Amino acid sequence: MIEVEQLTKRYGTFTAVDHITFKAKKGEVVGLLGPNGAGKTTTMRMLTGFMPPTEGTASIAGYDVYDDSMEARRNVGYMPERIPVYPDMTVKAYVMFWARLRGARRPASRVDEVLQRVQLHDRRSTLIRHLSKGMRQRLGLAQALVHDPPVVILDEPTIGIDPKQVIEVRETVRRLGEQHTVLFSTHILSEAEQVCDRVLIIDKGHIIAQGKPGELRDKLQSGMTLHVQIGGANDASIRKLLESISGIAHLEKQRAGWLIKTQRGADPRAELSSRIAKVGYTLLEMRQEGASLESIFLELVGKDEDGA
(Lines give C-alpha, C1' and ligand atoms only; values in the text may rest on other atoms or scores of the structure.)
Protein backbone atom coordinates (compact mmCIF):
# COMPACT_ATOMS: atom_id res chain seq x y z
CA MET A 1 0.00 0.00 0.00
CA ILE A 2 2.90 2.39 0.82
CA GLU A 3 6.26 1.87 -0.86
CA VAL A 4 9.16 4.25 -0.27
CA GLU A 5 12.53 3.90 -1.95
CA GLN A 6 15.52 6.15 -1.19
CA LEU A 7 13.19 9.09 -0.47
CA THR A 8 15.10 12.32 0.13
CA LYS A 9 14.19 15.95 0.77
CA ARG A 10 16.70 18.79 0.84
CA TYR A 11 16.24 22.47 1.60
CA GLY A 12 19.35 24.08 0.16
CA THR A 13 22.27 22.46 1.97
CA PHE A 14 20.05 21.01 4.74
CA THR A 15 18.83 17.43 4.30
CA ALA A 16 15.57 16.90 6.20
CA VAL A 17 14.98 13.33 4.96
CA ASP A 18 17.94 11.28 3.79
CA HIS A 19 17.41 8.28 1.49
CA ILE A 20 14.83 6.42 3.57
CA THR A 21 13.29 3.13 2.39
CA PHE A 22 10.33 1.26 3.86
CA LYS A 23 7.02 -0.43 3.05
CA ALA A 24 3.65 -0.62 4.79
CA LYS A 25 1.35 -3.52 3.90
CA LYS A 26 -2.42 -3.61 3.69
CA GLY A 27 -4.03 -3.63 7.13
CA GLU A 28 -0.82 -2.65 8.93
CA VAL A 29 -0.43 0.19 11.45
CA VAL A 30 3.12 1.49 11.07
CA GLY A 31 4.52 4.01 13.53
CA LEU A 32 7.00 6.65 12.42
CA LEU A 33 8.76 7.30 15.70
CA GLY A 34 11.28 10.02 16.34
CA PRO A 35 12.04 13.23 18.22
CA ASN A 36 10.80 16.61 17.03
CA GLY A 37 12.71 17.63 13.92
CA ALA A 38 13.60 14.07 12.95
CA GLY A 39 11.92 14.27 9.52
CA LYS A 40 8.52 12.67 10.28
CA THR A 41 6.30 15.49 9.02
CA THR A 42 8.45 16.09 5.94
CA THR A 43 8.15 12.40 5.04
CA MET A 44 4.36 12.52 5.40
CA ARG A 45 4.06 15.68 3.33
CA MET A 46 5.96 14.04 0.49
CA LEU A 47 3.77 10.91 0.70
CA THR A 48 0.57 12.99 0.55
CA GLY A 49 1.70 15.15 -2.35
CA PHE A 50 2.11 18.38 -0.38
CA MET A 51 5.72 18.67 -1.52
CA PRO A 52 7.86 16.89 -4.13
CA PRO A 53 10.84 14.78 -3.11
CA THR A 54 14.34 15.87 -4.07
CA GLU A 55 15.34 12.28 -4.83
CA GLY A 56 13.85 8.81 -4.62
CA THR A 57 10.35 7.47 -5.18
CA ALA A 58 7.21 6.83 -3.18
CA SER A 59 3.88 5.27 -4.11
CA ILE A 60 0.44 5.05 -2.50
CA ALA A 61 -1.72 2.07 -3.48
CA GLY A 62 0.51 1.56 -6.53
CA TYR A 63 0.43 5.21 -7.71
CA ASP A 64 3.61 7.26 -7.73
CA VAL A 65 3.16 10.36 -5.59
CA TYR A 66 4.97 12.50 -8.17
CA ASP A 67 4.12 10.99 -11.57
CA ASP A 68 0.54 9.97 -10.63
CA SER A 69 -0.05 12.61 -7.98
CA MET A 70 -3.83 12.94 -8.35
CA GLU A 71 -4.45 9.18 -8.22
CA ALA A 72 -2.14 8.83 -5.24
CA ARG A 73 -4.02 11.60 -3.42
CA ARG A 74 -7.36 9.95 -4.12
CA ASN A 75 -6.12 6.85 -2.32
CA VAL A 76 -4.86 8.54 0.82
CA GLY A 77 -6.49 10.31 3.75
CA TYR A 78 -4.23 12.78 5.54
CA MET A 79 -4.65 14.24 9.00
CA PRO A 80 -1.97 16.92 9.53
CA GLU A 81 -0.69 17.92 12.96
CA ARG A 82 -2.58 21.24 12.71
CA ILE A 83 -6.11 20.63 11.46
CA PRO A 84 -7.23 23.22 8.85
CA VAL A 85 -10.81 24.13 9.79
CA TYR A 86 -13.40 26.80 9.06
CA PRO A 87 -14.61 27.84 12.52
CA ASP A 88 -17.99 29.17 11.37
CA MET A 89 -18.99 25.92 9.65
CA THR A 90 -20.89 23.20 11.45
CA VAL A 91 -19.25 19.83 11.96
CA LYS A 92 -21.48 18.16 9.38
CA ALA A 93 -21.08 20.93 6.80
CA TYR A 94 -17.29 20.76 7.11
CA VAL A 95 -17.12 17.00 6.59
CA MET A 96 -19.70 17.27 3.75
CA PHE A 97 -17.44 19.87 2.10
CA TRP A 98 -14.55 17.39 2.18
CA ALA A 99 -16.76 14.52 1.00
CA ARG A 100 -17.79 16.44 -2.11
CA LEU A 101 -14.26 17.73 -2.68
CA ARG A 102 -12.98 14.15 -2.50
CA GLY A 103 -15.73 12.79 -4.74
CA ALA A 104 -17.15 10.44 -2.11
CA ARG A 105 -20.00 8.20 -3.21
CA ARG A 106 -23.34 8.89 -1.47
CA PRO A 107 -21.82 11.84 0.40
CA ALA A 108 -24.72 12.41 2.82
CA SER A 109 -24.81 8.84 4.11
CA ARG A 110 -21.02 8.63 4.09
CA VAL A 111 -20.73 11.76 6.24
CA ASP A 112 -23.19 10.36 8.79
CA GLU A 113 -21.29 7.07 8.84
CA VAL A 114 -17.91 8.75 9.42
CA LEU A 115 -19.27 11.07 12.12
CA GLN A 116 -20.61 8.02 13.94
CA ARG A 117 -17.24 6.35 13.60
CA VAL A 118 -15.32 9.24 15.18
CA GLN A 119 -18.01 9.84 17.82
CA LEU A 120 -19.05 13.28 16.56
CA HIS A 121 -22.53 12.50 15.24
CA ASP A 122 -24.19 14.08 18.26
CA ARG A 123 -22.17 17.25 17.55
CA ARG A 124 -22.99 17.41 13.84
CA SER A 125 -24.84 20.77 14.16
CA THR A 126 -22.20 22.38 16.43
CA LEU A 127 -20.06 25.20 15.07
CA ILE A 128 -16.44 24.16 14.82
CA ARG A 129 -15.35 27.17 16.89
CA HIS A 130 -17.13 25.60 19.87
CA LEU A 131 -15.28 22.27 19.68
CA SER A 132 -12.53 21.31 22.11
CA LYS A 133 -9.05 20.45 20.81
CA GLY A 134 -9.81 16.76 21.16
CA MET A 135 -13.02 17.05 19.16
CA ARG A 136 -11.17 19.00 16.46
CA GLN A 137 -8.73 16.10 16.27
CA ARG A 138 -11.67 13.76 15.68
CA LEU A 139 -12.98 16.15 13.04
CA GLY A 140 -9.61 16.04 11.30
CA LEU A 141 -9.81 12.27 11.34
CA ALA A 142 -13.32 12.41 9.86
CA GLN A 143 -12.15 14.48 6.87
CA ALA A 144 -9.28 12.04 6.32
CA LEU A 145 -11.67 9.06 6.26
CA VAL A 146 -14.69 10.48 4.46
CA HIS A 147 -13.71 9.17 1.00
CA ASP A 148 -12.81 5.74 2.46
CA PRO A 149 -9.15 5.70 1.34
CA PRO A 150 -7.09 2.50 1.52
CA VAL A 151 -4.20 4.46 3.11
CA VAL A 152 -4.51 6.80 6.10
CA ILE A 153 -1.61 9.03 7.21
CA LEU A 154 -1.84 10.65 10.64
CA ASP A 155 0.66 13.24 11.85
CA GLU A 156 0.85 13.37 15.67
CA PRO A 157 -2.93 12.83 16.15
CA THR A 158 -2.78 12.83 19.97
CA ILE A 159 -0.73 15.98 20.49
CA GLY A 160 -2.29 18.59 22.75
CA ILE A 161 -5.34 16.64 23.91
CA ASP A 162 -6.28 15.38 27.36
CA PRO A 163 -5.49 11.80 28.55
CA LYS A 164 -9.05 10.51 28.08
CA GLN A 165 -9.13 11.76 24.50
CA VAL A 166 -5.66 10.32 23.87
CA ILE A 167 -6.97 6.86 24.80
CA GLU A 168 -9.97 7.31 22.48
CA VAL A 169 -7.81 8.42 19.55
CA ARG A 170 -5.39 5.51 20.05
CA GLU A 171 -8.28 3.05 20.07
CA THR A 172 -9.62 4.61 16.87
CA VAL A 173 -6.22 4.25 15.21
CA ARG A 174 -6.03 0.58 16.22
CA ARG A 175 -9.46 -0.04 14.67
CA LEU A 176 -8.41 1.75 11.48
CA GLY A 177 -5.80 -0.95 10.95
CA GLU A 178 -8.60 -3.49 10.42
CA GLN A 179 -9.58 -1.85 7.11
CA HIS A 180 -6.81 0.56 6.16
CA THR A 181 -3.05 0.82 5.96
CA VAL A 182 -2.09 3.41 8.57
CA LEU A 183 1.11 5.43 8.86
CA PHE A 184 1.09 7.10 12.25
CA SER A 185 3.74 9.54 13.44
CA THR A 186 4.53 10.19 17.09
CA HIS A 187 7.35 11.22 19.39
CA ILE A 188 5.65 9.45 22.32
CA LEU A 189 7.38 6.12 22.76
CA SER A 190 4.70 4.33 24.79
CA GLU A 191 2.15 5.33 22.16
CA ALA A 192 4.04 3.53 19.41
CA GLU A 193 4.20 0.35 21.50
CA GLN A 194 0.47 0.44 22.24
CA VAL A 195 -0.83 1.30 18.76
CA CYS A 196 1.57 0.10 16.07
CA ASP A 197 2.16 -3.30 14.47
CA ARG A 198 5.57 -2.14 13.29
CA VAL A 199 7.80 0.80 14.16
CA LEU A 200 10.24 2.87 12.10
CA ILE A 201 12.64 4.83 14.30
CA ILE A 202 13.79 7.98 12.50
CA ASP A 203 16.41 10.45 13.64
CA LYS A 204 18.05 13.32 11.73
CA GLY A 205 16.37 12.21 8.53
CA HIS A 206 17.58 8.59 8.71
CA ILE A 207 15.67 5.43 9.59
CA ILE A 208 17.98 3.97 12.23
CA ALA A 209 15.88 0.89 13.12
CA GLN A 210 12.63 -0.78 12.12
CA GLY A 211 10.57 -3.80 13.09
CA LYS A 212 7.86 -4.96 15.48
CA PRO A 213 8.27 -3.43 18.96
CA GLY A 214 9.01 -6.81 20.53
CA GLU A 215 11.48 -7.72 17.80
CA LEU A 216 13.28 -4.40 18.21
CA ARG A 217 13.64 -5.03 21.92
CA ASP A 218 15.07 -8.51 21.34
CA LYS A 219 17.38 -7.39 18.55
CA LEU A 220 18.69 -4.10 19.89
CA GLN A 221 18.83 -4.32 23.65
CA SER A 222 22.48 -4.43 24.63
CA GLY A 223 22.06 -6.67 27.68
CA MET A 224 19.64 -7.67 30.42
CA THR A 225 18.36 -5.28 33.08
CA LEU A 226 18.09 -6.48 36.68
CA HIS A 227 16.46 -4.90 39.70
CA VAL A 228 18.13 -6.06 42.92
CA GLN A 229 17.37 -5.29 46.57
CA ILE A 230 19.92 -6.35 49.19
CA GLY A 231 19.68 -6.19 52.99
CA GLY A 232 22.24 -6.40 55.76
CA ALA A 233 24.73 -3.81 54.51
CA ASN A 234 25.02 -0.10 53.75
CA ASP A 235 24.95 1.33 50.23
CA ALA A 236 28.71 1.76 49.99
CA SER A 237 29.36 -1.90 50.84
CA ILE A 238 26.68 -3.10 48.42
CA ARG A 239 28.03 -0.94 45.61
CA LYS A 240 31.56 -2.28 46.20
CA LEU A 241 30.26 -5.86 46.04
CA LEU A 242 28.23 -5.30 42.89
CA GLU A 243 31.08 -3.52 41.10
CA SER A 244 33.30 -6.56 41.71
CA ILE A 245 30.96 -8.92 39.83
CA SER A 246 31.88 -9.62 36.20
CA GLY A 247 29.48 -8.82 33.38
CA ILE A 248 27.93 -5.70 34.92
CA ALA A 249 28.09 -2.70 32.56
CA HIS A 250 26.15 -0.10 34.55
CA LEU A 251 25.01 0.25 38.15
CA GLU A 252 22.50 2.75 39.51
CA LYS A 253 20.97 3.23 42.98
CA GLN A 254 17.16 3.35 42.92
CA ARG A 255 15.47 4.06 46.24
CA ALA A 256 15.73 0.83 48.26
CA GLY A 257 17.24 -1.19 45.41
CA TRP A 258 19.75 -1.18 42.57
CA LEU A 259 19.33 -1.14 38.79
CA ILE A 260 21.92 -3.29 37.04
CA LYS A 261 22.55 -3.35 33.29
CA THR A 262 24.71 -6.19 32.05
CA GLN A 263 27.04 -6.50 29.12
CA ARG A 264 25.66 -8.18 26.01
CA GLY A 265 25.44 -11.94 26.58
CA ALA A 266 26.34 -11.72 30.27
CA ASP A 267 24.14 -13.27 32.98
CA PRO A 268 25.58 -12.49 36.46
CA ARG A 269 22.56 -13.72 38.44
CA ALA A 270 24.14 -16.95 39.74
CA GLU A 271 27.36 -15.23 40.80
CA LEU A 272 25.38 -12.36 42.29
CA SER A 273 23.23 -14.54 44.54
CA SER A 274 26.24 -16.68 45.53
CA ARG A 275 28.43 -13.71 46.48
CA ILE A 276 25.67 -12.03 48.47
CA ALA A 277 25.10 -15.19 50.53
CA LYS A 278 28.84 -15.73 50.98
CA VAL A 279 29.44 -12.34 52.61
CA GLY A 280 26.38 -12.69 54.82
CA TYR A 281 24.07 -10.17 53.17
CA THR A 282 20.41 -10.94 52.37
CA LEU A 283 19.06 -11.02 48.82
CA LEU A 284 15.59 -9.51 49.32
CA GLU A 285 14.65 -9.27 45.63
CA MET A 286 16.10 -9.93 42.19
CA ARG A 287 14.02 -9.61 39.04
CA GLN A 288 14.72 -9.15 35.36
CA GLU A 289 13.08 -6.18 33.69
CA GLY A 290 12.23 -6.22 30.00
CA ALA A 291 13.72 -3.43 27.91
CA SER A 292 11.17 -0.89 26.75
CA LEU A 293 11.00 0.67 23.32
CA GLU A 294 11.78 3.92 25.12
CA SER A 295 15.11 2.68 26.48
CA ILE A 296 16.07 1.28 23.07
CA PHE A 297 15.10 4.51 21.34
CA LEU A 298 17.12 6.63 23.75
CA GLU A 299 20.09 4.31 23.37
CA LEU A 300 19.94 4.48 19.56
CA VAL A 301 19.56 8.24 19.42
CA GLY A 302 22.26 8.68 22.07
CA LYS A 303 24.66 6.57 20.04
CA ASP A 304 23.86 8.61 16.93
CA GLU A 305 24.44 11.89 18.75
CA ASP A 306 27.79 10.64 20.03
CA GLY A 307 28.78 9.67 16.51
CA ALA A 308 29.03 6.00 17.37
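Helix H2 gives three residues to the lining of the largest pocket, the most of any element. The model described here is predicted. The pocket holds about 360 Å³ of space. Of its 13 lining residues, Phe 50, Arg 73, Trp 98, Leu 101 and Arg 102 are the closest to the centre. At least two lining residues come from each of helix H2 (69–74), strand S6 (76–79) and helix H3 (91–101). By class, the lining of this pocket comprises eight nonpolar, two polar and three charged residues.

**Enclosed space**

Across the whole structure, a search finds two cavities of 30 Å³ or more. Helix H5 and helix H6 (163–176) are the elements that give two or more residues to the lining of the largest cavity. H6 gives the most there, with four residues. In the second largest cavity, H5 gives the most, with three residues. The table sets out volume, lining and residue classes.

| Cavity | Volume | Lining residues | Classes |
|---|---|---|---|
| Largest cavity | about 70 Å³ | Arg 117, Val 118, Gln 119, Arg 138, Leu 141, Glu 168, Val 169, Thr 172, Arg 175 | three nonpolar, two polar, four charged |
| Second largest cavity | about 30 Å³ | Met 79, Gln 137, Arg 138, Leu 141, Leu 154, Pro 157, Val 169 | five nonpolar, one polar, one charged |

Arg 138, Leu 141 and Val 169 appear in the lining of both cavities.

**Helix H4 and the residues after it**

Helix H4 spans residues 107–117, and its buried residues are Arg 110, Val 111, Val 114 and Leu 115. Viewed down the axis of H4, these buried residues fall within an arc of 130°, so they line one face of the helix. The cover over the buried residues of H4 includes H3 and helix H5 (133–145). H3 also supplies at least two residues to the lining of the largest pocket, while H5 is one of the elements giving two or more residues to the lining of the largest cavity.

Gln 119, just after H4, has a positive phi of about 60°. Gln 119 also lines the largest cavity, as do Arg 117 and Val 118.

**Thr 262**

Strand S13 covers residues 257–262 and contains Thr 262. With a relative accessible area of 3%, Thr 262 is buried, the cut-off for that class being under 20%. A polar atom of the Thr 262 side chain lies 3.4 Å from the backbone oxygen of Ala 266.

Key: Residues are numbered from 1 along each chain as its sequence is written. This is a predicted model: local features need pLDDT of at least 70, side-chain atom pairs count only at pLDDT 80 or more; totals for chains, interfaces and linings use all residues. Side-chain values use heavy atoms; hydrogens and water are left out. On a 1 Å grid over the protein atoms alone, a cavity is a set of points where a 1.4 Å probe fits but cannot get out, and a pocket is an open set with protein on both sides within 12 Å along at least five of seven lines; lining residues have an atom within 4 Å of a point. Grid points are joined across faces, edges and corners, and a volume is the space filled by probe spheres set on the points. Ala, Val, Leu, Ile, Met, Phe, Trp, Tyr, Cys and Pro count as nonpolar, Asp, Glu, Lys and Arg as charged, and the others, Gly among them, as polar. Buried means under 20% relative accessible area, exposed over 50%, partly exposed in between (1.4 Å probe, protein chains only). The arc is that of the directions from the helix axis to the C-beta atoms. Contact means heavy atoms within 4.5 Å. A polar contact is a pair of N or O atoms within 3.5 Å; within protein, one must be able to donate a hydrogen and the other to accept it, and residues adjacent in sequence count only if both atoms are side-chain atoms.
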